[in-house]
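Hi,

Here is the structure I promised to pass on. Have a look at it first, and my notes follow underneath.

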Amino acid sequence: MTPVDRLRFVIVTLGICLVSLHTTAHAQSAEAEALFRDGRALIKQGQLAPGCDKLAASDRLEPSIGTLLNLGDCREKQGKLASAWGAFRRAEAMAERAGNDARRRAEASRRAVALEPKLSTLRIDVTHRIDGLVVHRDDEVVDAAVWSTPVPIDPGTYALRADAPGYSAWQLRVVVGANADHNVAQVPALERAPVAEVAPVAPAPIVDAAVPAHPAYATVHRKRTWSAARGVSLGLGIVALGAVGTGAYFGVESKHLQDRADQHCPLPVCADPQGLSDNAQARTDATRANILYGVAGASAVASLVLWFVGAPSDETISPLVGDHQAGVSFAGRF
């Protein structure tokens, strides 16, 4: 790429960036302008509250001298003189920075000066400053630099709160009137938050190992976890498992002998001694396997029945104490 081509590339790129920035700014200005016009229209209809809110939203999107002058005028009509004064002062500063709008700068200054004698103020004094102290006015944090300074404020009721880690919070409601109502709120020294006391742990009672005089005091209720019936059930279950294993052995052996007999005597009529012997032994092993399977099935059924029927129950152990004898009684189901 030649130097000329590089220069053209840079110029085109800068042009595209400027066009993009202009488009974005124009879009923001369009939104602010729409809010401004809606606000003016609502104010002309006598709807001050929504009209002022529209102007405030337009100011947040794109502050301008005209928007601030209209917003200040609207807040003044609402009786919110501190907000109106702040809008006029901002418009004056913006016009002064622009340097070419002396007429509107003078108008903003004139309106602000006219409101100053009517402004109500609130001064928050903090008598004892501690680490972590935070003062709130409604949901807004009051900067420490503003403490002990009269601040212009709109008429209304305000909730003041002061808190700090390890201290109990302080609260106060202040009613600010109109027409130069000057208020002072005194934040006292915060009190330490009470420390939760830990209840002392009582020592464990000492239990006397001797048999108590009254039997009821030594009665013990114990949950049994086993019973004789379940012991028999477990034994029958073991028998069933052994019978199944032994029967399986004889069954396999019977099959093996029968296969060997069939090799010696493939025909129904056979005179081979070994084949006849294997066949007879195969029948015997098959009979044994069948018997053992039957024993296993019966044992398994009996084991299950005894297991559920023989569930353990609670038992009670109570001492028996008399004038000349002592003992223990057991009560329960076995």
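Ser-148 counts as partly exposed, because its relative accessibility is 38%, which falls between the 20% limit for buried and the 50% limit for exposed. Keep in mind that this is a predicted model. I picked out Ser-148 for its backbone: its phi is positive, about 65 degrees, although the residue is not a glycine. You'll find Ser-148 in the loop between strand 3 (140-142) and strand 4.

Asn-179 is another non-glycine residue with a positive phi, in this case about 60 degrees. Look for Asn-179 in the loop between strand 6 (170-176) and strand 7. Is Asn-179 buried or exposed? Its relative accessible area is 59%, so Asn-179 is exposed.

Both of those loops lead into strands of one sheet, so to speak of the sheet next.

Strands 4, 1 and 7 make up an open sheet of three strands, in the order 4-1-7 and with mixed pairing. At the edges are strand 4 (151-152) and strand 7 (182-187), each of which pairs on one side only. Strand 1 (residues 121-126) runs parallel to strand 7, and six bridges join the two. If you want a spot to zoom in on, try Asp-125, which stands opposite Gln-186 in strand 7.

Now for the helices. Helix 2 (residues 48-61) packs against helix 3 (residues 65-78) with the axes 9 Å apart and an angle of about 150 degrees. That angle is over 145 degrees, so the two helices are roughly antiparallel to each other. The crossing of helix 2 past helix 3 is left-handed. On the helix 2 side, the contact residues include Leu-48, Ala-49, Cys-52, Leu-55 and Ala-56. From helix 3, the residues making the contact include Leu-68, Leu-71, Cys-74 and Arg-75.

Last, the aromatics. How many aromatic pairs does a search of the whole structure find? Just one, and it is formed by Tyr-249 and Phe-250. Their ring centres are 5.4 Å apart and the planes make an angle of 65 degrees, an edge-to-face arrangement. The two partners differ in how accessible they are: Tyr-249 is exposed, with a relative accessible area of 52%, whereas Phe-250 counts as buried at 17%.

Cheers

Terms used
Residues are numbered from 1 along each chain as its sequence is written. This is a predicted model: local features need pLDDT of at least 70, side-chain atom pairs count only at pLDDT 80 or more; totals for chains, interfaces and linings use all residues. Side-chain values use heavy atoms; hydrogens and water are left out. Two strands pair if DSSP finds at least two bridges between them. Helices (H or I, at least four residues) and strands (E, at least two) are DSSP runs, numbered from the N terminus. Buried means under 20% relative accessible area, exposed over 50%, partly exposed in between (1.4 Å probe, protein chains only). Rings of Phe, Tyr and Trp (its six-membered ring) pair if their centres lie within 6.5 Å; planes under 30 degrees apart count as stacked, over 60 as edge-to-face and the rest as tilted. Axes are lines fitted to C-alpha atoms, for helices over the stretch in contact, and angles run from 0 to 180 degrees between N-to-C directions. Angles under 35 degrees count as roughly parallel, over 145 as roughly antiparallel, 65 to 115 as roughly perpendicular and the rest as oblique. A crossing is left-handed if the near helix is turned anticlockwise from the far one by less than a right angle, and right-handed if clockwise. Contact means heavy atoms within 4.5 Å.
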